[in-house]
2 protein chains.
Amino acid sequence: MTTAARYHAPVPRPSVEAERRKQILDAACAMIAKHGLQELRVAEVATAAGLSSGTVHYYFDTKKELVNAAFEYNFANSLERRKWLRRAAGDPLERLREIIESYLPGKGKSLRAWRVWAELWAEGMRDPALRAVNESLYGQWRDLVRDTIAAAQHEGSAREGDPEQLANMLIGMVDGLAMQVLLHARAMPQQRMRETCAAFIDQLVAAKGD
Amino acid sequence: MTTAARYHAPVPRPSVEAERRKQILDAACAMIAKHGLQELRVAEVATAAGLSSGTVHYYFDTKKELVNAAFEYNFANSLERRKWLRRAAGDPLERLREIIESYLPGKGKSLRAWRVWAELWAEGMRDPALRAVNESLYGQWRDLVRDTIAAAQHEGSAREGDPEQLANMLIGMVDGLAMQVLLHARAMPQQRMRETCAAFIDQLVAAKGD
DNA sequence: TCGATAACTGAATGGCGAGTCAAGTATTAG
DNA sequence: CTAATACTTGACTCGCCATTCAGTTATCGA
């Protein structure tokens with residue numbers, strides 16, 4: 001053949017990869033939150049995303065890869081949804097209360113995110129990659145809470161004490177109580193979790209004469 | 001037929017069921033702690049118990065049944081191992097510290113039990129039967145901590161405040177921090193969890209002039 | 001329209017593992 | 001020893017589902 005095709009600039013279709021990946025990961029998170037990792041089916045993710053199973057594998061070689069990416073996506077989303085918390089001005093103590101409020105397992109996105117996290121925790125006990133994702137969120141969350149407490153102390157609206165330790169107490173408490181809320185424990189509906197966290201802040205963080 | 005076999009008292013072999021079930025459930029817990037529910041294999045449980053897979057199915061019709069029983073077994077074991085905490089005499093505040101110490105995810109039995117619990121949490125978000133198991137432990141644990149705090153208050157070694165709420169703060173914190181310890185979070189090794197819990201008791205539970 | 005590549009499809013494959021079962025073995029009282 | 005029942009085995013079946021792949025379609029610049 002004399003095909004002197006070399007004059008043709010290779011002009012492929014523009015990439016839709018970024019968009020498609022998001023679409024798939026979003027569906028994956030939804031399915032993980034709904035049915036758990038245990039019963040996650042690649043075909044189901046595909047359907048939920050309006051695609052064929054083949055397409056999912058076009059973007060993610062294995063199920064494991066898909067799941068890990070979904071966890072990271074869920075993590076990134078959590079951060080994204082809470083960017084405003086960093087910039088927020090005003091009374092740091094009040095801001096701390098808002099931060100905690102925003103982390104209560106509520107409805108919609110928040111509930112979904114918590115469920116996915118709970119799955120990650122279980123799976124993370126074995127998978128180092130998932131542990132790294134947890135490390136990231138845990139770290140960022142702790143930093144946010146610690147800095148806010150420190151700011152309140154600086155302002156005099158919070159009593160003295162190691163802010164990192166206080167932050168660890170608070171986020172540990174939030175995680176543990178959230179788990180019980182997710183499990184629909186009778187003794188721990190969302191409202192009680194809210195009150196319990198608020199009481200902690202009032203009693204241990206806020207300055208006495210507040 | 002002339003088979004007047006009715007004079008034979010039906011005398012079966014004595015049951016080894018109780019023993020065998022324990023043996024299987026213990027192996028199941030070990031496997032759940034080691035590999036997670038995700039990769040739990042009935043055949044593997046059988047091998048770990050020194051039995052054939054057929055025998056496991058002789059005592060547990062389905063895998064789900066086995067798993068649920070294993071969770072209950074793990075729960076019952078936790079209670080059993082901590083019976084002494086109820087009876088223990090002496091300074092209630094000191095007892096509270098011992099209780100928390102005994103719940104730190106340490107080595108051996110304790111670590112295994114925590115891992116199994118973490119799996120139960122994830123699974124419990126969908127399975128009502130497992131939620132009931134959680135409800136039971138959570139309830140008993142909360143009662144133990146609440147009563148101990150109340151006793152300390154009665155004695156004057158703990159400050160005033162709703163003991164149930166304080167108990168919820170403390171056990172929530174323990175659960176959340178334990179999760180991070182299990183995940184090997186850099187910022188939360190076992191020793192830091194110990195310190196953090198101790199600090200909570202010192203600062204929020206213990207009476208000022210203690 | 002063509003050539004080139006990206007994106008997509010869904011039927012087919014292959015492996016895995018829960019659950020079954022027919023065939024044993026063990027222990028008892030009589 | 002015999003009959004009765006409890007217990008045990010492990011090879012086999014059968015369905016499910018991740019993954020593959022040969023083929024199709026879409027979109028681009030020229």
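Reader: Which side chain does Arg126(A) meet in a salt bridge?
Author: Happy to start there, with the reminder that this is a predicted model. The nitrogen and oxygen of this salt bridge lie 2.6 Å apart, inside the 4 Å cut-off for such a pair. The partner of Arg126(A) belongs to chain B, and that partner is Glu119(B).

Reader: How many salt bridges are there between chain A and chain B?
Author: The pair of Arg126(A) and Glu119(B) joins the two chains. Over all chains the count comes to 24 salt bridges. Between chain A and chain B, the count is 2.

Reader: Which three residues of chain A supply more of the area it buries against chain B than any other three?
Author: Together, the two chains bury about 4,000 Å², and 57% of that is on carbon and sulfur atoms. The trio you ask about supplies 16% of the area that chain A buries there. Its members are Met125(A), Arg126(A) and Leu183(A).

Reader: Which helix of chain A gives the most residues to the side that touches chain B?
Author: Let's look at the candidates. Helices α1 (17–35), α7 (108–124), α8 (128–155), α9 (163–182) and α10 (190–205) of chain A each supply at least two residues to that side. With 12 residues, the one that gives the most is α9(A).

Reader: On the side of chain A that touches chain B, how many residues are nonpolar?
Author: In the model, 47 residues of chain A are in contact with 47 residues of chain B. By class, the side belonging to chain A has 13 polar and 13 charged residues. Its nonpolar residues number 21.

Reader: What kind of axis relates chain A to chain B?
Author: A turn of 180° with a shift of 0.0 Å along the axis lays chain A on chain B, at an RMSD of 0.0 Å. The same surface serves both copies, as 100% of the contact residues of chain A recur in chain B. The turn and shift are therefore the relation of a two-fold axis.

Reader: Which residue forms a salt bridge with Arg142(A)?
Author: Here the closest N and O atoms are 3.6 Å apart. Arg142(A) sits in helix α8 and its partner in helix α9 of chain A, 22 residues apart, and the pair links distant parts of the chain. That partner is Glu164(A).

Reader: Where in chain A does pLDDT stay under 50?
Author: Overall, chain A averages a pLDDT of 92, and 92% of its residues score at least 70. The stretch you are after has 0 contacts beyond four places in sequence. It covers residues 1–8.

Definitions and conventions
Residues numbered from 1 in each chain as written. Chains lettered and ligands numbered in written order. Predicted model: local features only at pLDDT ≥ 70, side-chain atom pairs only at ≥ 80, totals over all residues. Heavy atoms only, no water. pLDDT = per-residue confidence, 0-100. Contact = heavy atoms within 4.5 Å. Least-squares fit on C-alpha atoms with pLDDT ≥ 70 in both. Buried area = accessible area lost by both parts, 1.4 Å probe. Helix = DSSP H or I, 4+ residues; strand = E, 2+ residues; numbered from the N terminus. Nonpolar A, V, L, I, M, F, W, Y, C, P; charged D, E, K, R; others polar.
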